[in-house]
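Please report on how the strands and helices of this chain are arranged. Include the pairing of the strands and one packed pair of helices.

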Amino acid sequence: MTGTAPAPFTADDYRARMERAARTAADAGLAGLLVAPGPDLVWLTGYAPTAETERLTLLVLVPGQDPVLVVPALEAPDAAKAVGAPGLTLRDWTDGKDPYAATAALLAAGGRFGISDNAWAMHLLALQRALPGASYASLTDALPMLRAVKDAAELELMAAAGAAADATFEEIRKVPFGGRRESEVAADLADLLRHFGHSQVDFTIVASGPNGANPHHEVGDRVIERGDMVVLDFGGLKDGYGSDTSRTVHVGEPTDEERRVHDLVREAQEAGFRAVRPGVACQEVDRAARAVIADAGYGEYFIHRTGHGIGVTTHEPPYMIEGEEQPLVPGMCFSVEPGIYLPGRFGVRIEDIVTVTEDGGRRLNDTTREMVIVD
């Protein structure tokens, strides 16, 4: 796929993110943040260790102090090449030394720290032994909105990922479905996502006929038949930011009931989208979409939340679900994906990624939401 390459993030971008994260931690009453390898570390520093290792790597962000990356000495040269490295101090350690004691020396003895959800238990337990007066909270619990609000450059990348997913759908609707296995169509989806610029394919759900009644159906060898409804749900990462879209197609002409259910899901998806505006609680998006389906008598067949956040991972806070009172903020990106799942028969899901604007919402997926007939 050709096109203008996105402008890379700079050292100043990463420095600003680390400063904002430290301030946000302080506002939340935390003494600092401890960030292990994974999406948070990449987002904050641009550094992604080349291999998973048992050796401790940990970014320490303490309000009022310079960021420190504790890193194994043999990986320090790679860490120093990270775009965000000029904004932090590297503190390397060699095998045979105690990295936990070195890390503990950077932390307040009785502080409460946010720590990456994916930090290894062995590292957290060792830190607890080195600093027994400290306490810890997962970042999802302590700072769920840390990455939720995207800046203009991030929104551009999100839009490009959405456009690539749209291009994938426009091509997949042209391929034969009837008589082919779900796994074959899923392979086509993966190939197309990569063709249109994705470096990582996270999922390619192809759920035909009765399999469509399972929202997270694992692609199998079922042969798609004429008369099947087929739920397509696919996405991954393009230039480090996520795509995720769902459309439901039909092999040959649908029945009146299938059209009715599809139209109902489309109306629910539109209602959820129309509920998006700054200051509205996340749960209101779920309520708006769910009310359409419930009022039509299908409420018990809408069996999942209406949406999830998306960014440098394809699933992250915020969540569009009953009980989530987090207000929407311009720059947030999340899915709106209601569905109806009739056990043993078929399912329908329609999903767009939406970003909150100053006065409403903007879809990052623009393919038709009408019933699409495929061969």
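The report below goes from the sheet to the helix pair and then to the annotated domain.

**The sheet**

This is a predicted model. Six strands make up an open sheet with mixed pairing. Their order across the sheet is 4-3-2-1-5-6. Strand 4 (89–93) and strand 6 (135–138) are the edge strands, so named because each pairs on one side only. On average, neighbouring strands are turned by 25° against each other, direction ignored.

Three of the pairings are listed here.

| Strand pair | Sense | Bridges |
|---|---|---|
| Strand 3 (residues 68–72) and strand 4 | parallel | five bridges |
| Strand 1 and strand 5 | parallel | three bridges |
| Strand 5 and strand 6 | parallel | four bridges |

Individual residues fix the register. At the strand 4 edge, Val71 stands opposite Asp92. Towards the other edge, Ile115 appears in two pairings. Leu34 faces Ile115 of strand 5. Ile115 also has a bridge partner in strand 6, namely Ser138.

**A helix across the sheet**

Which strands does helix 5 lie across? Helix 5 spans residues 121–130 and lies across strand 1 (32–35), strand 2 (58–61), strand 5 (112–115) and strand 6. Its direction is at about 155° to strand 6. Angles over 145 degrees count as roughly antiparallel, so helix 5 is roughly antiparallel to strand 6.

**The helix 7 and helix 8 pair**

Two packed helices are described by the angle between their axes and the distance between the axes. Helix 7 covers residues 152–172, and helix 8 covers residues 182–195. Their axes come within 9 Å and cross at roughly 140°. That angle makes helix 7 oblique to helix 8. The crossing is right-handed.

Which residues meet at this crossing? Helix 7 contributes Ala165, Thr168, Glu171 and Ile172. Helix 8 answers with Val185, Asp188, Leu189, Leu192 and Leu193. By class, this contact has six nonpolar residues, one polar residue and two charged residues. Thr168 is the polar one, because Thr falls outside both the nonpolar and the charged lists. Glu171 and Asp188 are the charged pair of residues, since Glu and Asp count as charged.

**The annotated domain**

An unreviewed UniProt entry annotates residues 156–358 as "domain: Peptidase M24". In the model, the end C-alpha atoms of this span lie 16 Å apart. The span is 32% helix and 27% strand.

Key
Residues numbered from 1 in each chain as written. Predicted model: local features only at pLDDT ≥ 70, side-chain atom pairs only at ≥ 80, totals over all residues. Heavy atoms only, no water. UniProt positions renumbered as here; feature names shortened; annotations may be inferred. Axes fitted to C-alpha atoms, helices over the stretch in contact; angles between N-to-C directions. Parallel < 35°, antiparallel > 145°, perpendicular 65-115°, else oblique. Left-handed = near helix turned anticlockwise from the far one by under 90°. Contact = heavy atoms within 4.5 Å.
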